[in-house]
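Here are a few notes to read alongside the model, written as numbered points. Take them one at a time and find each residue on screen as you go.

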Amino acid sequence: MESVERNDTLNPLTRELPQRVSDRIRDIVGERGILTDPADTAPYLSDWRGAYKGKAALVVRPASTAEVSGVLALCHQEGIPVVTQGGNTGLCGGSMPDASGRQIVLSLNRLNRIRNIDAANDTLVAEAGCILADVQNAAREVGRLFPLSMGSEGSCTIGGNLATNAGGIAVLRYGNMRDLTLGIEVVLPDGRIWDGLRGLRKDNTGYDLKHLFIGSEGSLGVITAAVLKLYPLPTEKAVAFAALPSPEAAIELFKHLRSLCGPRLTGFELMSRMSLDFVLRHMAGCTDPMAEPHPWYLLIELTDSSPTANLRELIETGLMGPLEDGQVLDAVIAADEAQAAALWKLREGISEAQNFEGPSIKHDISVPVSSIPGFIDKASAALSNEIPGIRLVCYGHVGDGNLHFNLSKPPDSENADFRAQAGRIGRVVYDVVAQFTGSISAEHGLGQSKRQDIVRYKSDLELELMRSIKGLLDPKAIMNPGKVLPD
Ligand code: FAD
Ligand code: MLT
Ligand code: ZN
C-alpha cells in the first residue's frame with residue numbers, strides 16, 4: 001500500500017484508508033456524501049448481473065462538480081485509485097472496484113440536475129448522474145426527443161452512457177452517444193475542471209477533446225455534465241414483429257426496408273428462437289405473438305414526426321413482397337401503443353431472462369452488416385464444435401452490425417466449469433470476429449472482461465497510442481486501474 005503512511009491511523013471501517021484521508025473526503029462531500037454501512041455500500045459493490053464483485057475503501061457520492069474536483073485532487077495527491085460509477089448497469093465489470101479494498105467508488109448518482117434546455121438550439125445540458133429515462137422525459141416535456149434508448153434506461157446514467165459510448169435500439173437512425181453529444185465537462189485526475197460544455201454543431205478549433213473522454217470508461221477522468229442533442233418528437237410509430245427462416249433473410253429485408261423507408265427505419269433488432277424461448281419462459285406477461293415457432297425474428301420500428309406519414313401502410317407494403325416470396329414467414333403489426341410495448345418487451349427482456357438460465361458469457365461484437373449471416377454461421381459452428389450442448393442466445397442491433405452473441409451453459413454442466421471456460425470461448429468467437437474485420441466490443445466497452453483480449457486484435461501502434469494518452473492524462477494511473485488497457 002504505497003499511499004498509506006506508517007503512522008497513520010487506518011479508517012476502522014475499511015482498514016485500507018488512513019483516517020486522515022477519509023476525514024478530508026468527508027469535509028469535501030459532507031456526511032451525506034459518504035457511505036460506510038455495508039448495507040448501504042452493497043449495491044455499489046456488485047454489478048447488475050452479479051457477475052462482478054469488489055470491495056471499496058469508501059463509497060463517495062459528491063453532489064457537485066466542485067466536490068468531484070476536490071475528491072480527485074486529494075486522491076491524486078495521495079495516490080488513491082478511483083472507480084467512477086453511474087447506474088452500475090455496465091456489462092463488462094468497468095464500474096466495479098477490485099478485491100483489494102484500496103479503491104474508492106465515486107458514485108455520481110447525486111450529481112443529477114438538468115442544468116438547462118435550449119429548445120431553439122435543440123440541446124439539453126444534463127449532469128452525469130441523471131438517469132437516462134429522466135433525460136428522455138425532460139426532453140419530452142418540451143416536445144423534443146432525446147433518442148438514446150436501451151433496456152437499462154431506468155437505471156443507467158448519462159455519465160455511464162458517455163463513458164461507454166452507449167448504443168442501444170435507435171442507433172440506426174440517431175447514432176450512438178458520441179453522435180448525440182456536443183460538449184462535456186470533465187474533472188481531470190488531478191482535480192482540474194475542463195469546461196467543454198459547448199452547444200455547437202460546428203467547431204473546428206483543433207483536436208476534439210470530448211471524444212477522448214467519451215468511451216474511455218472512467219480511465220481518463222470523470223465526466224460531470226454534457227450538452228446533449230435533441231430531435232423532433234416522433235408523432236407516428238409503427239412496430240412489427242416478423243418471423244424469418246435465416247439471418248440471410250433478415251439482411252435482405254434490411255436492405256429492402258432501408259430503401260423503402262429511408263431514415264424512418266429506426267429500430268431493426270434480430271433475435272433467435274432460443275432468445276425468445278428464454279423470454280417466454282422467464283418474463284412475466286410475455287406471450288408468443290405467433291401460432292408456431294420460427295428460427296429467427298425481427299423487431300422492426302418505423303418513426304416519423306410528420307402527421308401524414310402513414311407508417312402502418314408503409315410497413316405493410318414493406319412486408320408484403322417478402323411474405324409472398326417466403327423471405328418472411330409470418331408477421332404481426334402492433335395495433336396500438338400497448339401492443340407495441342408488448343412486442344418490445346420480447347426483445348428487451350432477453351438480457352434479464354438469460355440470467356435465469358445460469359451463468360452467461362457475453363460477447364458484444366460488430367461486423368459489417370453484410371457479414372452478419374456469415375459470422376453467425378461460422379461462430380455457431382466453431383462453438384458447437386468446442387462445447388457440445390452450449391446454448392447460443394444470439395440477438396441484437398443487427399441494423400448496426402451489432403450482435404449480442406451471448407452463451408448460456410449446457411443445461412447439465414456445472415456453473416463454475418462453464419465460467420472457467422470464458423477466456424477460451426471468447427477466443428473462439430473473437431477469432432471469427434477478426435476474420436470479418438469486426439470489433440470485439442460494439443457498445444458495452446472493454447471494462448475488465450475484455451481488456452486483455454484487445455492485445456490480440458489491436459495493432460501494437462494502436463495500443464501504444466492508447467497507453468500514451470492514458471499516461472498523459474492520468475500519470476499516476478489512479479483512474480479505474482485494471483480496466484480498458486491491458487496489463
Ligand atoms: P456504469 O455501469 O456505472 O459504468 C460503466 C462504465 O462507465 C464504468 O467503466 C465506469 O467507471 C464509467 N463511468 C460511469 N460514469 C462515469 C462518469 N460520469 N465519468 C467517467 N466514467 C464513468 N448498453 C448499450 O450500449 N446498449 C444497450 O442496448 C444496452 N442494453 C442493456 C440492457 C440491460 C438490461 C443492461 C443491464 C445493460 C445494458 N447495456 C446496454 C449496458 C449499460 O446499461 C450501458 O453500458 C450504460 O451506458 C452504462 O451506464 P451506467 O450509468 O450504468 O454506467
Ligand atoms: C441489449 O441490447 O439487450 C444488451 O445490450 C445486451 C446484453 O445484455 O447482452
Ligand atoms: Zn445492446
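1. Let's begin with a question: how many Å separate an oxygen atom of ligand 2 from an N or O atom in the side chain of R347? The distance is 2.8 Å. Please keep in mind throughout that this is a predicted model.

2. R347 has company around ligand 2. The residues around this ligand are L91, R347, S351, K362, Y395, H397, H404, N406, E443 and H444. Sorted by class, this shell holds 2 nonpolar, 5 polar and 3 charged residues. Two further polar contacts are worth finding on screen. A polar side-chain atom of H444 lies 2.7 Å from an oxygen atom of ligand 2, and an N or O atom in the side chain of E443 is 3.1 Å from an oxygen atom of the ligand. On its own, ligand 2 would expose 270 Å², and the protein buries 87% of that.

3. Now look at the zinc ion, ligand 3. Which residues coordinate the zinc ion? They are H397 and H404, each through NE2, and E443 through OE, at 1.9 to 2.1 Å. You have already met these names, since H397, H404 and E443 are also listed among the residues around ligand 2. Along the chain, the zinc donors follow the spacing H-x6-H-x38-E. The pair H397 and E443 links distant parts of the chain, 46 residues apart. H397 sits in the loop between β18 (391–396) and β19 (402–408), while E443 sits in the loop between α15 (422–435) and α16 (454–457). Are these two residues buried or exposed? Both H397 and E443 are buried.

4. Ligand 1 has a shell of 35 residues, of which T84, T89, G90, S152 and T157 come nearest. By class, the shell divides into 10 nonpolar, 23 polar and 2 charged residues. Which elements supply at least two residues each? Among them are β3 (82–85), α5 (158–163) and β10 (222–229). The largest share, 4 residues, comes from α5.

5. Some contacts with ligand 1 can be traced atom by atom. An N or O atom in the side chain of T89 is 2.7 Å from an oxygen atom of ligand 1. For N161, a polar side-chain atom lies 3.0 Å from a ligand oxygen, and for N480 the corresponding distance is 3.3 Å. How much of the ligand's own accessible area does the protein cover? Ligand 1 has 980 Å² on its own, and the protein covers 96% of it.

6. Next, step back to a sheet. Four strands form an open sheet in the order β1-β2-β4-β3, with mixed pairing. The strands β1 (34–35) and β3 stand at the edges with a single partner each, so one side of each has no neighbour in the sheet. Strand β2 (residues 58–60) runs parallel to β4 and is joined to it by 3 bridges. β3 also pairs with β4 in the parallel sense, over 4 bridges. Find L106 in β4: V60 stands opposite this residue, and so does T84. T84 is also one of the residues that come nearest to ligand 1.

7. Stay with β4 (residues 104–107) for a moment. Which way do its side chains point? I104 and L106 point one way, V105 and S107 point the other way, and all are buried. This fits a general pattern: in a regular strand the side chains alternate between the two faces of the sheet.

8. For a hairpin, turn to β5 (residues 114–118) and β6 (residues 123–127), which pair in the antiparallel sense over 4 bridges. One pair to locate is I114 with its bridge partner A126 in β6. The two strands have 4 residues between them, and D122 in the turn has a positive phi of about 55 degrees.

9. Finally, pick out A341, which lies in helix α11 (residues 337–348). A341 counts as partly exposed because its relative accessibility is 44%. How far is the C-alpha atom of A341 from that of E324? The two residues are 17 residues apart along the chain, and their C-alpha atoms are separated by 27 Å.

Note on methods
Residues numbered from 1 in each chain as written. Chains lettered and ligands numbered in written order. Predicted model: local features only at pLDDT ≥ 70, side-chain atom pairs only at ≥ 80, totals over all residues. Heavy atoms only, no water. Donors = N, O, S within 2.8 Å, 3.2 Å for Na, K, Ca; no water. Buried < 20%, exposed > 50% of the residue type's maximum accessible area, 1.4 Å probe, protein only. Near = heavy atom within 4 Å. Polar contact = N/O pair within 3.5 Å; in protein donor to acceptor, adjacent residues only side chain to side chain. Areas by Shrake-Rupley, 256 points an atom, 1.4 Å probe, with all protein chains shown as cover. Nonpolar A, V, L, I, M, F, W, Y, C, P; charged D, E, K, R; others polar. Pairing = 2+ DSSP bridges.
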